[in-house]
Amino acid sequence: MRWKKQLLELSPYKPGKSIDEVKKQLGLKEIVKLASNENPFGCSQKVLSALKQLQLNTALYPDGYASQLRETLASTIEVSPEELIFGNGSDEIIQIISRALLQPGTNTVMATPTFPQYRHNAILEGAEYREIPLIDGEHDLDGMFAAVDNGTNVVWLCSPNNPTGTYISESRLLSFLDKVPSHVLVVLDEAYYEYVVAEDYHDSRELIRRYENIIVLRTFSKIYGLASLRVGYGIANASIIRALEPAREPFNTNSFAQLAAIEALQDPDFIEDCKMKNREGLEQYYHFCRENNLHCYPSQGNFILIDFGCDGDKVFQFLLTQGFIVRSGNALGFPNSVRITIGSRQQNEALLKVIKEFLETEKIVLPE
Ligand SMILES: *Cc1c(COP(=O)(O)O)cnc(C)c1O
């Protein structure tokens, strides 16, 4: 067959190890997974009870326009329904944008390391991708701007950035957006938006009003705890949404996901509580890093990237044998680090105890 030649250089996404996989492999009874930035507190009780009571005719297609969810979300975040696009996870919106704007002869600019799906989709569409290294874990917006030219169709910004947890301050973001030519769509991935506490984080709604060429991506997979149902969304002015819509599959978000997302929006207290617990959890890790002289980036997300000064796979393997699944930085562009999702207080305590054991048995000597 005549496969696209770029397809042959790609490998399928490798997810973090699953709990069942590790249980079987190691014969451990209890496994804690802190690898994929899932919400350790699950989702709102309102979602669970609504899903239980749901009388669904599974033979019928879902609402392809997600009308009810659209209305609910639009009023919650105070945008108009025409300014929203829904996806089977925000992953799918990344795919839709790439499908709509990237092709051979065009290029796209992104940071590195960042969320790998931007590059993956660019390659699939045959576009040239330009990766601009982070500086101290943060987007190098000057470098990214310098990489933009007449052939650039999309720029990807991830704030807070996965896997570093760093964010782009409002003033830096605005001066970047002021300069970027209007033919370039700027995608601002805010998968961890609800966790952000930084005071100089931008107001996304204002950005949409002020710039014609930006789309903001959000998801119900992270703080809302609905990763298994797959629903994410984009916010942009109506003309961008109209242009993207034909590239979207007609029934891309399913009925369970739509209902769950609507219910999740009815419980802001759950989100507030998770956000607070996440801050407390982060403090546990910061404290530990200070005490043990480990480098980590300050995080605005629900994860932390810790540098162990040795092969991240080694740390990963050790933690695995102790029943903790984390993400080795090796596959994330930080070979000496691991990325840990912030868990419940007890989970964090237990994991930090095991990390302490690792440091002691390995006798890792870290620079003062
Ligand atoms: C998790 C994540 C996503 C994907 O989320 P889904 O909505 O589950 O597809 C997108 N962007 C970033 C930066 C993420 O970390």
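**Exercise 1.** Is Pro 246 buried or exposed?

*Solution.* Start with the scale: buried means under 20% relative accessible area, exposed over 50%, and partly exposed in between (1.4 Å probe, protein chains only). Pro 246 has a relative accessible area of 70%, so this residue is exposed. Next, find its place in the chain: Pro 246 sits in the loop between helix H9 (238-244) and helix H10 (255-265). Helices (H or I, at least four residues) and strands (E, at least two) are DSSP runs, numbered from the N terminus.

A word on the model before we go on. It is predicted, so local features need pLDDT of at least 70 and side-chain atom pairs count only at pLDDT 80 or more, while totals for chains, interfaces and linings use all residues. Residues are numbered from 1 along each chain as its sequence is written, and side-chain values use heavy atoms, with hydrogens and water left out.

**Exercise 2.** Which strands stand at the edges of the open sheet S9-S10-S13-S12?

*Solution.* First, read the order: four strands, S9-S10-S13-S12, with antiparallel pairing. Two strands pair if DSSP finds at least two bridges between them. Now look at the ends: strand S9 (295-296) and strand S12 (327-328) each have a single partner strand, so one side of each lacks a neighbour in the sheet. Finally, zoom in on one pair: S12 and strand S13 (residues 337-341) are joined by two bridges in the antiparallel sense, and Ser 328 stands opposite Val 338 in S13.
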